[in-house]
Structures are given as C-alpha cells and as structure tokens.
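Me: I'd like to go through this model with you and ask what stands behind some of the labels. Shall we take a look together?

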Amino acid sequence: MERRAAILGTGHYLPTKVVTNDDLSQLMPTTHEWIHQRTGIRERRFIEESGIGASDLAIPAARMAVEQAGRDMKDVDAVLFATLSPDHQFPGAGCLLIHKLGLPGVPALDVRNQCSGFLYSLSVADAWVRSGVYKNVLVVGAEVHSTGVEFNERGRDVAVLFGDGAGAALVGEATRPEQGILSLELHADGAGAYDLWLEAPASKYDPRLTHEMLDAGKHFPAMNGKQVFRWAAEKMPEVAHSVVKKAGLTMAEIDMLVPHQANMRINQMVAAKLGIPEEKVVHNIEVYGNTTAATIPIGLSESWRSGKIGPGSKVLMAAFGAGFTWGGAVAVL
Ligand code: UT7
C-alpha cells in the first residue's frame with residue numbers, strides 16, 4: 001500500500017497576557033466597536049515581557065503535539081518552522097527551537113509564507129513522510145506580532161488585527177487505512193506582494209535601514225486591507241472546492257472547516273460560499289486575533305482537545321495571506 005502521511009497530534013500555546021480592544025483604545029484612536037464590527041476580534045494575547053520569541057512560544061505547542069501523537073521528542077527527525085516573525089533575521093527560528101527541544105542534528109527548515117505558512121509546511125512534511133525521507137516531522141507555526149506593530153494612528157489598521165501565539169502538528173505515517181492527508185494545494189501571486197508587506201530592513205537598499213525609514217515607519221507592516229480582503233474572499237473558497245474534489249469528497253462530508261483567522265467576516269463569507277454551516281467552522285479570532293502561521297494549528301489543536309474533531313474526522317483547511325500566498329488541504333485525522 002502506498003505510504004500516506006497523517007496529522008498524528010496537535011498542540012498550541014498562547015501567552016497569558018490578554019489585551020482587549022478597550023486596552024488598545026487607551027493607546028491609539030480606535031474603539032471596541034470599530035474593531036469588533038469589522039473583524040470579529042474582542043481580544044488577543046501578547047507576550048508577557050520583552051525577550052520572548054516565536055521559538056519560545058513554539059516549545060509548549062511542540063511538546064503537546066508530540067505527546068498527543070504518542071511519540072517521544074526524540075522520535076522527531078525533522079522540524080519545519082512557519083513564521084513571519086522569527087526571533088531574529090537569522091538564523092532561523094527552527095534552529096533555536098531544536099536547540100531548546102534538545103534535538104541536536106535534526107534538520108530545521110524555516111518557512112516564510114506568512115498566513116499560508118502552516119499549509120506550505122504541511123505540504124513539505126507530507127512529501128517527506130510519503131517519500132520516506134523523514135518519519136516524524138514536527139510542523140510549527142508561531143508568531144510574536146506585538147513587538148512589530150505600532151500602536152498609534154498611523155499603524156492602527158494593522159495593530160488591532162494581530163496577536164501572538166503558537167500551534168504545532170506532528171506529521172507521520174498513517175496507521176489506519178482511512179487516515180491521512182488526502183489532498184493539498186498551494187498557490188502564490190506576487191502581483192499582490194506590496195499589498196501586505198514589511199519594507200525594511202531590506203537588503204535591496206544600501207543601507208538597509210536609515211533613521212528616515214524608521215521615522216516613516218518602514219519597519220512596520222503595511223496593508224491594503226480592502227485588496228487583501230477581496231482576494232481572500234475569492235481564493236479561499238476556490239482552493240477549498242479544489243482540494244475537497246481532489247480528496248474525492250463532497251462539501252457535505254467535511255466535518256470541520258479550519259480556516260486561517262484574519263477576519264471573522266472573511267471566514268463567514270468563505271463558509272457561506274462553500275455551503276458549510278456555522279457549527280462546522282472553527283473561529284478563534286474573537287479571542288486570539290490573527291496569529292498568522294499559527295492560526296490553523298491552534299484551531300486544529302483546540303478543536304481536537306474540546307472533542308469537536310477526533311480520529312476519523314474529515315478536516316478542511318484553507319489560508320490566504322501576504323505574498324500573496326494561499327492554499328488548502330483535506331485531512332482525515
Ligand atoms: O492574514 C491575512 C491578512 N489580512 C487580512 O486578510 C485582512 C483583510 N482586510 C480586512 O480585514 C479589512 O480591510 C480591515 C479590517 C483591515 C479594515 O476594514 P475596512 O472596512 O477595509 O476599513 P478601511 O481600511 O477602509 O478603513 C476605514 C476607516 C478609515 O477612515 P476613513 O479614511 O474612512 O476616514 C481608517 O482610517 O477606518 C479607519 N481606521 C480605523 N478606525 C478606528 C483604520 N483602522 C482603524 C482602527 N480604529 N483600528
């Protein structure tokens with residue numbers, strides 16, 4: 001029988017500091033009503049203090065995923081780390097993570113595909129496991145956004161959206177015939193590259209960062225929100241339909257949609273276009289905001305732990321983000 005890869009376990013970790021919309025309104029001109037009506041967000045989590053990186057948030061999420069899979073950390077033979085907010089520009093956060101997890105010599109690959117980073121990583125893990133290159137691949141999505149947005153009028157459109165957090169999945173060989181990643185699709189289109197980006201420091205500029213750039217806020221993310229919204233609302237349903245078809249399933253057979261969490265309205269629109277009822281859609285944007293590469297593994301892990309999904313569940317995942325990049329996957333747990 002052809003070897004199939006499966007998500008064997010999941011984990012997540014959120015920092016303890018809760019930041020409400022009202023808290024943000026103390027820092028800049030915004031209101032709970034504006035944020036909640038447009039995005040669905042009520043609160044998000046921020047790291048408790050300076051010095052906590054994405055690799056630190058990833059540690060408990062990784063341990064949880066390995067444990068749920070019934071594996072030992074020493075069984076992990078490759079790590080994929082999806083993030084747009086690595087601890088440092090280089091080396092990759094994956095290298096920091098394997099050191100902290102006690103995995104010397106294990107390959108660590110950073111994946112820089114922003115909100116689609118988890119699905120891009122899942123695709124690599126799927127290929128490695130199916131081809132027999134590696135047996136137990138730890139896939140992590142982790143972000144610290146709170147240190148990289150500006151809490152003032154200029155940055156408020158972006159600052160209200162993001163939160164810190166980490167999610168993880170252990171991908172290994174399927175052991176039951178129905179289990180496994182059934183389909184996966186990835187896309188990118190650089191035509192949207194400058195609709196959601198962080199300009200500097202940039203190796204294309206000499207010097208990479210100047211005082212003028214700092215004054216202009218070029219080291220903070222910039223977004224054309226309406227353009228991103230339009231693309232996400234079109235591409236996520238498109239790729240979702242495609243992966244469900246490739247998996248040989250109908251939309252009605254999907255037990256749970258775990259979409260990226262960028263905006264509650266985007267996800268409601270996606271679910272409506274797919275004809276998936278509200279009770280089969282994972283939403284956690286209300287309490288965590290957008291945790292970028294971590295949204296899908298956090299959603300999977302929380303749903304699994306609360307019993308909404310479990311072994312045998314057919315899960316549909318879809319993401320859209322900077323790049324532009326987008327993707328979808330169907331997996332039977
Ligand atoms: O993870 C993937 C990446 N992100 C996304 O998928 C996000 C997609 N886009 C969106 O979710 C929405 O575009 C936003 C929620 C970001 C923004 O909603 P919008 O309805 O597109 O608002 P807008 O940017 O057009 O801004 C409307 C008004 C502006 O004022 P004027 O020009 O109408 O006077 C903004 O200056 O709201 C103002 N505004 C704010 N007001 C209060 C922008 N940010 C804020 C804020 N609080 N935080």
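Me: Happy to start with a loop. Where is Pro91 placed?

Reply: Pro91 belongs to the loop between β4 (78-82) and α4 (93-101). Please keep in mind that this is a predicted model.

Me: What makes the peptide bond from Phe90 to Pro91 cis?

Reply: Its omega is near 0°, and the bond is cis. A cis peptide bond also joins Ala200 and Pro201, with omega about 5°. Pro201 sits in the loop between β9 (196-197) and α7 (211-216).

Me: What is there to say about phi of Gln114?

Reply: Phi is near 50° there, a positive value in a residue other than glycine. Gln114 is in the loop between β5 (108-111) and α5 (117-131).

Me: Now the ligand. How many residues surround the ligand, and which are the closest?

Reply: There are 21 residues around the ligand, and Thr30, Cys115, Lys226, Asn263 and Asn290 are the closest. A residue counts here if one of its heavy atoms lies within 4 Å of the ligand.

Me: Why is the pair between the ligand and the side chain of Thr30 called a polar contact?

Reply: A nitrogen atom of the ligand is 2.7 Å from an N or O atom in the Thr30 side chain. The cut-off for a pair of N or O atoms is 3.5 Å, so this pair is a polar contact. The side chain of Arg38 has an N or O atom 3.0 Å from an oxygen atom of the ligand, so that pair qualifies too. With Gly225, a polar backbone atom is 3.0 Å from a nitrogen atom of the ligand. On its own the ligand has 960 Å² of accessible area, of which the protein covers 73%.

Me: Which pocket does the ligand take up, and which elements give two or more residues to the shell?

Reply: The ligand's space is the second largest pocket. The elements are α2 (32-39), α6 (156-159) and α8 (225-246), and α8 gives the most, with four residues.

Me: How do the shell residues divide by type, and which domains do they come from?

Reply: Eleven are nonpolar, six polar and four charged. Domain 1 (5-173) and domain 2 (180-332) each give at least three residues to the shell.

Terms used:
Residues numbered from 1 in each chain as written. Predicted model: local features only at pLDDT ≥ 70, side-chain atom pairs only at ≥ 80, totals over all residues. Heavy atoms only, no water. Polar contact = N/O pair within 3.5 Å; in protein donor to acceptor, adjacent residues only side chain to side chain. Areas by Shrake-Rupley, 256 points an atom, 1.4 Å probe, with all protein chains shown as cover. 1 Å grid on protein atoms, 1.4 Å probe; cavity = no way out; pocket = protein on both sides within 12 Å on 5 of 7 lines; lining within 4 Å. Sits in = over half its atoms within 2 Å of the grid points. Nonpolar A, V, L, I, M, F, W, Y, C, P; charged D, E, K, R; others polar. Domains from an automatic or database assignment.
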